[in-house]
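Thanks for coming. Please look at the model on the screen while I talk, and stop me if a name goes by too quickly.

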Amino acid sequence: MRILVTGGAGFIGSHLIDRLMAQGHEVICLDNFYTGHKRNILKWMDHPYFELIRHDITEPIRLEVDQVYHLACPASPVHYQFNPVKTVKTNVMGTLNMLGLAKRVKARFLLASTSEVYGDPEIHPQTEEYRGNVNPIGIRSCYDEGKRIAETLAFDYHRQNDVDIRVARIFNTYGPRMLENDGRVVSNLVVQALKNLPMTVYGDGSQTRSFCYVSDLVEGLMRLMNGDQIGPVNLGNPDEYTILELAEAVRNLVNPQAEIKFAPLPQDDPRRRRPDITRAKTWLGWEPTLPLSEGLKLTVEDFRQRLQQPQPTTYS
Ligand code: NAD
Ligand code: UDP
Ligand code: UDP
């Protein structure tokens, strides 16, 4: 098959491309390098089945493909809040363009949505039926509401134009290739501990998240794409930790001397988050396999190597 991966030079997208290439597909990676990097896909650059297109999805583009994995969108609060209007454009105009493309060429279209559509959830754990508690005018809204309208667009193109859609609601995912300055909690804590800097915990650290290792997540995305259910489907690891527990786990693993420093909690920071993955289990036969302790070791090793080496040219 010929498969388009938008946001393919990013963290999850590049791991997905590794799997698709290993399966022998033709892959087109579309990315504007906002938070993605050429080094993530460098190993495929000379491969005859791989093509990289530097393009911003808020502009139309015509390509002929069989499947579209639509991942292009900054995922870290630091990056999606840097230019919130652009984040909305990427989610609205970008998703519209990719759905228009999928409609024209009759490609199957998978949207990488997010647990953020549940906002600061009032039910726990979160099932796909829950409609969420999102602030429409807060600093996270460009992303949360952006992804909600992206889901709406996907379902409307499905009902109105018969586009064959799949919608994944991805929960916090971590692993090798996260940016050193990504701003999300796992990368921040690991980089700080490795550099012997104070580890920043926002608020009192009692808020919770559930962390999924990237290879598990990619397996879930591929099962959803190639299965019969359109979703939405939660994809995430149901093992829930407070942020303070996470910081302590990273500290024990990397640097028992590291200091934990408390900093103000950002506005609208969700109090707790854990996926109910009953749908993923029954529809896709999927559940995460790697516990946090194992995934953290692999992530720490990747950061350790990158921090020791001079960074290659970044092209962004
Ligand atoms: P990432 O920031 O590493 O990757 C996003 C990629 O999209 C980058 O390569 C970036 O350059 C590209 N991009 C951004 N705007 C673009 C535009 N306008 N045109 C073309 N390319 C553009 O993030 P990630 O963690 O790999 O997330 C990938 C997808 O998964 C995102 O849609 C994100 O919302 C979703 N998601 C991720 C998580 C997570 O925990 N990692 C959780 C929920 C949802
Ligand atoms: N689009 C695109 N590539 C394509 C087909 C469409 O980028 O191969 C864009 C198109 O420019 C439009 C959007 O997708 O802005 C929605 O397309 P659709 O055909 O649904 O709507 P229309 O073009 O009729 O407004
Ligand atoms: N967080 C933290 N220290 C950091 C970065 C984040 O304590 O250096 C907290 C953040 O306030 C949130 C949780 O960790 O409660 C997860 O944040 P992240 O940005 O990784 O993801 P999201 O909030 O989008 O789930």
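Start with the largest nonpolar core, which has 78 residues. Which residues touch the most other members? They are F109 and A168. Before going on, I should say that this is a predicted model. In soluble globular proteins, nonpolar side chains tend to be buried together.

Take A168 as an example. Setting aside residues up to four places away in sequence, A168 touches L110, L111, A112, S113, L221, L224, G231, V233 and L235.

Another residue to find is Y69, in strand β4, which runs over residues 67-70. Is Y69 buried or exposed? Y69 is buried, because 29 other C-beta atoms lie within 10 Å, and the cut-off for buried is 20 or more. Beyond its neighbours within four places in sequence, Y69 is in contact with I3, V5, L16, L110, L221 and M225. Look at V5 in that list: Y69 and V5 are 64 residues apart in sequence, yet their C-alpha atoms are 4.8 Å apart in space.

That pair leads to the chain as a whole. If you take the contacts between residues at least 6 apart in sequence, 81% of them join residues at least 24 apart. The chain has 9 helices and 13 strands. Its radius of gyration is 19 Å, close to the 20 Å that the globule rule gives for 316 residues, so the chain is as compact as a globular protein of that length. The C-alpha trace spans about 55 × 45 × 40 Å along its principal axes. Of the 316 residues, 46% are buried.

Now the ligands. Ligand 1 is surrounded by 27 residues, and the closest are G7, G10, F11, T35 and G36. Three elements give two or more residues to this shell: α1 (11-22), α3 (84-105) and β5 (108-114). Which of them gives the largest share? That is α1, with 3 residues. Sorted by class, the shell around ligand 1 has 13 nonpolar, 12 polar and 2 charged residues.

Around ligand 2 we find P60, I61, R62, L96, N97, G100, L101, K103 and R104. By class, that shell has 4 nonpolar, 2 polar and 3 charged residues.

Ligand 3 has 15 residues around it, the closest being R184, V185, N188, T200 and Y202. Here the elements that give two or more residues are α5 (185-194) and β8 (199-202). The largest share, 3 residues, comes from β8. The classes in the shell around ligand 3 are 7 nonpolar, 5 polar and 3 charged.

Let us stay with α5. Why is this helix described as largely enclosed by the rest of the structure? The reason is that 9 of its 10 residues are buried. They are V185, V186, S187, N188, L189, V190, V191, Q192 and A193. What do they pack against? The buried residues of α5 pack against β7 (173-174), β8, α7 (243-254) and α9 (292-308). After α5 comes N196, which has a positive phi, near 60°.

That brings me to the backbone. Most residues other than glycine have a negative phi, and most peptide bonds are trans. Besides N196, with its positive phi, there are two more residues to look at. K106 is not a glycine, but its phi is positive, about 55°. K106 sits in the loop between α3 and β5. R177, also in a loop, lies between β7 and α5, and its phi is near 85°. Which of these two is buried, and which is exposed? K106 is exposed, because it has 10 other C-beta atoms within 10 Å, where 12 or fewer counts as exposed. R177 is buried, because it has 22 other C-beta atoms within 10 Å.

Last, the cis peptide bonds. One runs from H124 to P125, with omega near -10°. P125 is in the loop between β5 and α4 (141-161). Another joins G231 and P232, with omega about 5°. P232 is in the loop between α6 (214-226) and β11 (233-235). G231 was named earlier too, as one of the residues that A168 touches.

That is the end of my part.

How values were computed. Residues numbered from 1 in each chain as written. Chains lettered and ligands numbered in written order. Predicted model: local features only at pLDDT ≥ 70, side-chain atom pairs only at ≥ 80, totals over all residues. Helix = DSSP H or I, 4+ residues; strand = E, 2+ residues; numbered from the N terminus. Contact = placed C-beta atoms within 7 Å. Near = placed C-beta within 6 Å. Nonpolar A, V, L, I, M, F, W, Y, C, P; charged D, E, K, R; others polar. Core = buried A, V, L, I, M, F, W, Y, C linked by C-beta atoms within 7 Å. Rg over C-alpha atoms; globule rule 2.2 N^0.38 Å.
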